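Q: I'm new to this one and would like a close look at a single part of it. Could you take me through the second helix and what surrounds it?

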Amino acid sequence: MEFKISDEKKEKIKILVIPAGCMLVFYLFFKYIFPLIWPLAAAAALAILLYPVVRFLHKKFRINKMIGTIFILLLLTVLLGIVSAIIVEKIITQLVLFVDNFSYYQDSANHIVEDVCQYVEQMFGMEDGCVLDFINVEINKFITQMKNKVMQFLIGTSIPAVRSVIDVMIAAAFVIVVFFLIMKDMEKIKRSVKNSTFGIELTFFYRRSMVVFKAYIKAQFIIMIIVAALSVLGLTFAGNKYAWLIGVSVGVLDALPLFGAGVILVPITLLALINGNLIRAAIVFTTFIACYFAREFLEPKLMGDKMGVNPVMTLVGIYVGYKLFGFLGMFAGALTVIFLMDVVKMVKGR
């Protein structure tokens, strides 16, 4: 008897098998290939981002593409340098202030610990000072262990660190050379990709990834600036001496997957509550709420429907990517989920 698979079952098998094969390809790529070719990928990404500007200058003002490329790189370097210098100057000033006042903060922390220990001793009828003595002994043990581990780490990583610096310098030189070569022959590369065997698929994924990438970077950059500004403003209003240092850190962490403004602002709120400063705690917590709702409101507005992926699926991809490949795997996981959803839609003929 002839066994025949219905068209509906064939469709289901395709929807299961093809994405599964793509998942395997993505895993092997990020596990074994990407660590070898990341300088090439970085050069290609930089070229793709800057080429539209260079092409505009070439068409509008007849500026040679190589000269235009150098001009854009220099302009970006100068602008980033100025902005970075302003931010770094503020942060260094506040770091110096923190170091100068470290003994004061240490004494304040000691007083808080002493008060908590006395409260625990009185509550349970324990001997005066026994809890504090226990904590001091454990802290000293911890500090000694950390010193030993730090020394072992420094000794064990000094030579690999030098090798890593050399590797990074070589990779940076490679990125610069490949970047200029790609910029020079960008039109030829586009034609070659378009006329290749998988030209249609590569063109689709390229356009899709560019739409998602540009939308994501634009949205995260704008939200990061707004969250950092809100944090600096709120912390300054709360009388925090390190508003710039903490505010910029909040903005950066909030832009990273699985992190958020609460990683820094909530502990500061709790610390203010412990110190009995209810007004400062209320201001910092209000700042956290403002940062949270700023992201919740702005992200869908800026991203729109360009991602085309359920947020839960994206979060799953981020977590799996992190467990497999570490920090950078979070981005690879999110990108894999987006591509897999597109593959499913292509298989379905949408």
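A: A quick definition to start with: a disulfide is a pair of cysteine sulfur atoms within 2.5 Å. By that cut-off, this structure, which is a predicted model, holds zero disulfides. Take Cys117: the nearest cysteine sulfur belongs to Cys130 and is 8.7 Å away, so with a cut-off of 2.5 Å Cys117 is in no disulfide. Keep Cys117 in mind, as we'll come back to that residue at the end.

Before zooming in, here's the overall setting. The chain has 11 helices and zero strands, so going from the N terminus you meet one α element after another, written α-α-α-α-α-α-α-α-α-α-α. Its radius of gyration is 27 Å, well over the 20 Å that the globule rule gives for 350 residues, so the chain is more spread out than a compact globule. Along its principal axes, the C-alpha trace spans about 85 × 70 × 45 Å. Buried residues account for 26% of the 350 residues. The chain exposes about 24,200 Å², and carbon and sulfur atoms supply 72% of that area.

Now walk toward your helix from the N-terminal side. Helix H1 covers residues 7–61, and one of its residues is Val17. Val17 counts as exposed because its relative accessible area is 52%, and the cut-off for exposed is over 50%. In the loop between H1 and H2 you'll find Arg62. Arg62 has a positive phi of about 60° although it is not a glycine. That's worth a pause, since most residues other than glycine have a negative phi. Arg62 is also exposed, with a relative accessible area of 70%.

Then comes H2 itself, residues 65–100. At its start, a side-chain oxygen of Asn64 reaches to within 2.9 Å of the backbone nitrogen of Met66. From there the helix runs for 36 residues and reaches 51 Å from its first C-alpha to its last, close to the 52 Å expected at 1.5 Å a residue.

Which residues of H2 are buried? They are Gly68, Thr69, Ile72, Ile91 and Gln94. It helps to remember that an α-helix has 3.6 residues a turn, so residues three or four places apart point the same way. Leu95 is in H2 as well, but Leu95 counts as partly exposed because its relative accessible area is 40%, which falls between the 20% and 50% cut-offs. Leu95 also shows how the chain folds back on itself: the C-alpha atoms of Leu95 and Leu245 are separated by 7.6 Å, though these residues are 150 apart along the chain. Across the whole chain, among contacts between residues at least 6 apart in sequence, 65% join residues at least 24 apart.

Past H2 you reach H3, residues 102–124. H3 has 23 residues and reaches 33 Å from its first C-alpha to its last, close to the 33 Å expected at 1.5 Å a residue. Just after H3, Gly125 takes a positive phi of about 65°.

And back to Cys117, as promised: this residue counts as buried because its relative accessibility is 4%, and buried means under 20%. Another cysteine, Cys291, is buried too, with a relative accessible area of 0%. For a contrast in distance, the C-alpha atoms of Val17 and Asp115 are separated by 63 Å, with their positions 98 residues apart along the chain.

How values were computed. Residues are numbered from 1 along each chain as its sequence is written. This is a predicted model: local features need pLDDT of at least 70, side-chain atom pairs count only at pLDDT 80 or more; totals for chains, interfaces and linings use all residues. Side-chain values use heavy atoms; hydrogens and water are left out. Helices (H or I, at least four residues) and strands (E, at least two) are DSSP runs, numbered from the N terminus. The expected span of a helix is 1.5 Å times one less than its number of residues. Buried means under 20% relative accessible area, exposed over 50%, partly exposed in between (1.4 Å probe, protein chains only). A polar contact is a pair of N or O atoms within 3.5 Å; within protein, one must be able to donate a hydrogen and the other to accept it, and residues adjacent in sequence count only if both atoms are side-chain atoms. The radius of gyration is taken over C-alpha atoms; the globule rule is 2.2 Å times the number of residues to the power 0.38. Contact means heavy atoms within 4.5 Å. Accessible areas come from the Shrake-Rupley method with a 1.4 Å probe; for residues, only the protein chains shown count as cover.
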